[in-house]
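User: I'd like a close look at one part of this protein, with the rest sketched in around it. Could you walk me through it in plain words?

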Amino acid sequence: MLDDNRNTKHLATVKRNQVSILDALSEAGRRSLLERSVAKSYRTGETLWNAGDTPAGLTVVLEGNVRILRGSAERQTIIHSGEAGSTL
């Protein structure tokens, strides 16, 4: 669970980015979701998951950009990209 200060910061970020999938939730619903969420940071080029991995939950991009690639080191194809506010 995130501490109250971080919850407030992440709730403000989620609202500011207007994550459309969260629009249907009430303020209490978003707060409840955030109480169960985990904030993670990744470096450029770091792998979030691999094809075939079991999803661990919904990923919301709070800052930066993400590219989902498929292929080998020699030839990669971008199959999805997202920026702050995107869900994966």
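How many residues does the hairpin use to join strand 1 to strand 2?

Analyst: Four residues: that is what the hairpin between strand 1 and strand 2 runs through. Keep in mind as we go that this is a predicted model.

Let's stay with the two strands. Strand 1 covers residues 65-71, and strand 2 covers 76-83. They pair in the antiparallel sense, with seven bridges between them. If you want a spot to click on, try Leu-69, which stands opposite Ile-78 in strand 2.

Now for where that hairpin sits in the whole chain. The protein has two helices and two strands, and reading from the N terminus the order is α-α-β-β. So much for the layout; next come the stretches on either side of the hairpin.

Going back towards the N terminus, there's a loop between helix 2 (27-35) and strand 1, and Leu-48 is found in it. Leu-48 has a relative accessibility of 31%, so it counts as partly exposed. Together with Tyr-42 and Trp-49, Leu-48 makes a nonpolar surface patch of about 280 Å².

On the other side, the chain carries on past strand 2, and this segment holds Ser-86 as well as Thr-87. Ser-86 counts as buried because its relative accessibility is 19%, and the cut-off for buried is under 20%. Thr-87, at 28%, counts as partly exposed.

What do these two residues meet? Setting aside neighbours within four places in sequence, Ser-86 is in contact with Thr-59, Val-60 and Val-61. Val-61 turns up again with Thr-87: their C-alpha atoms are separated by 6.3 Å, although the two residues are 26 apart along the chain.

Those are individual pairs; here's the picture for the whole protein. Among contacts with a separation of 6 or more, 42% are between residues 24 or more positions apart. As for burial, 19% of the 88 residues count as buried, and Ser-86 is one that counts as buried. The accessible surface comes to about 7000 Å², and carbon and sulfur atoms account for 47% of that.

To pull it together with the structure open: start at the hairpin, with its four joining residues, and follow the antiparallel pairing of strand 1 and strand 2. Then step past strand 2 to Ser-86 and look for its contacts with Thr-59, Val-60 and Val-61. Finish on the patch made by Tyr-42, Leu-48 and Trp-49.

Note on methods:
Residues are numbered from 1 along each chain as its sequence is written. This is a predicted model: local features need pLDDT of at least 70, side-chain atom pairs count only at pLDDT 80 or more; totals for chains, interfaces and linings use all residues. Side-chain values use heavy atoms; hydrogens and water are left out. Patches are made of residues with over 30% relative accessible area and no salt bridge: like charges are joined within 9 Å, nonpolar side chains (Val, Leu, Ile, Met, Phe, Trp, Tyr) within 5 Å. Accessible areas come from the Shrake-Rupley method with a 1.4 Å probe; for residues, only the protein chains shown count as cover. A salt bridge is a side-chain nitrogen of Lys or Arg within 4 Å of a carboxyl oxygen of Asp or Glu. Buried means under 20% relative accessible area, exposed over 50%, partly exposed in between (1.4 Å probe, protein chains only). Contact means heavy atoms within 4.5 Å. Two strands pair if DSSP finds at least two bridges between them.
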